Amino acid sequence: MTVELKVTSTDNHNFSFSGEVSIPQAPPEFKSGFIGIIGRPNVGKSTLMNQLIGQKIAITSPIAQTTRNRLRGILTTPEAQLIFVDTPGIHKPHHELGKVLVKNARNAIDAVDVVLFVVDGSVPCGAGDRFIVDLLIRTETPVILGLNKIDQQPSNFDLIDQSYQSLAKEQQWPTVKFSAQTSAGLPELQQLLIAGLETGPFYYPPDLVTDQPERFIMGELIREQILLLTREEVPHSVAIAIDLVEEAPTITRILATIHVERDSQKGILIGKGGSMLKAIGSAAREQIQKLLDGKVYLELFVKVQPKWRQSRMSLAELGYRVEE
C-alpha cells in the first residue's frame, strides 16, 4: 500500500514529507482512529499531546488560548495507531480569529472517532466545562472525560472529583485521572483510548509523529517564545510567517516575519536596542535546532498589519481558515 503525503522537507525528522511512502499492512486486531482533544483554554491539551506522542509538536504557554490550528499528533504502538487532534480551547470569541478557532474546535467533535474531554482537575467543574458538555451531548461520538493536573489538586480534591464524577455518571462517560506534566496516569489513559477505537489500518507510516510540515512547527516555536517572554504585553495579536528556509550541509537558514496589529506591539517585540527580538530569536533558535537536529541561523522581522485578526483575507493569508 502506498500513500502520498504533503511535504516541505526532505530530511528525516519524522514530520510530513512528500512522495510515495510505503505503509505496512496492519496486523489482525490492530486498532486505529482519530481522537479529538477538547476542552477549555489552558487545561493542558497541548502538553498532554506532546507527552503522549513523546515529542514536542504543540506549543505550550501559561497564557490561555495558545493553540490556534487543529494540530495532529501521531502515536503508533504495537497494538494501535492513535491520531490525536489538538484543538483550540473552546471559549467565547471576541474577534474573527476567535470565531474561526472555536468553529474549528466544534467541527472536530463530529470528525473524530473518540473525543477526549480534558478538564482542569485541580479546580471544580465550572460554567466553561458545562458549556462544552452541552456541545458534546449533541454528538454521537464516544466521549472520555479526562481529569488533568491531578498533581496540582488541593487537599479538598474529593469535592473537586465529585463535581466531575457526577457529570460523567450523568452522561455515562468513562473517566480517567492523570497529569500531563508528570505523566502520572497516562498509561491508563492510553489504554482507555485504545479500547475505544475500532480495528483499522495504519493511516500514517509508523515512525511519523505529526502530519504538519516543519515550517508550521517552526512558526509555532517562534510564537511560543513570544508568549513566554512578553506575556500579557503582546497577547494573541501575533502571527508568524516563515518566509524562507534554506538548507545547507552544515546549517539551515530561516527568515521569518512576526505580524502584529499595532506600532506599540512592534516596539515591545523589538525592545530597547533590539534586546527583546534578540532574546526571542535566541530561544526560538534553540527549540528549532532540537526540531531539525542541526545548526540553525534564524533571522526575525516585525511587521505591523492593523486588525489582521478581524480580516478574513488576512487570516487566510496567515493560515487561519475554517477546517471542515
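Q: What counts as contact when a helix is said to lie across strands?

A: Contact means heavy atoms within 4.5 Å, and helices (H or I, at least four residues) and strands (E, at least two) are DSSP runs numbered from the N terminus. This is a predicted model, in which local features need pLDDT of at least 70, side-chain atom pairs count only at pLDDT 80 or more, and totals for chains, interfaces and linings use all residues. Residues are numbered from 1 along each chain as its sequence is written, and side-chain values use heavy atoms, with hydrogens and water left out. Here helix α7 (residues 263–270) lies across β10 and β11, running at about 155 degrees to β11, where angles run from 0 to 180 degrees between N-to-C directions and axes are lines fitted to C-alpha atoms, for helices over the stretch in contact.

Q: Which strands stand at the edges of the sheet, and why is one side of each left without a neighbour?

A: Two strands pair if DSSP finds at least two bridges between them. The open sheet has 3 strands in the order β9-β10-β11, with mixed pairing; β9 (239–247) and β11 (296–304) each have a single partner strand, so one side of each lacks a neighbour in the sheet. β9 pairs with β10 (residues 252–260) in the antiparallel sense over 8 bridges, and the bridge partner of Ala239 in β10 is His259.

Q: How are two packed helices described?

A: The description uses the angle between their axes and the distance between the axes. The axes of α6 and helix α8 (residues 275–292) come within 9 Å and cross at roughly 140 degrees.
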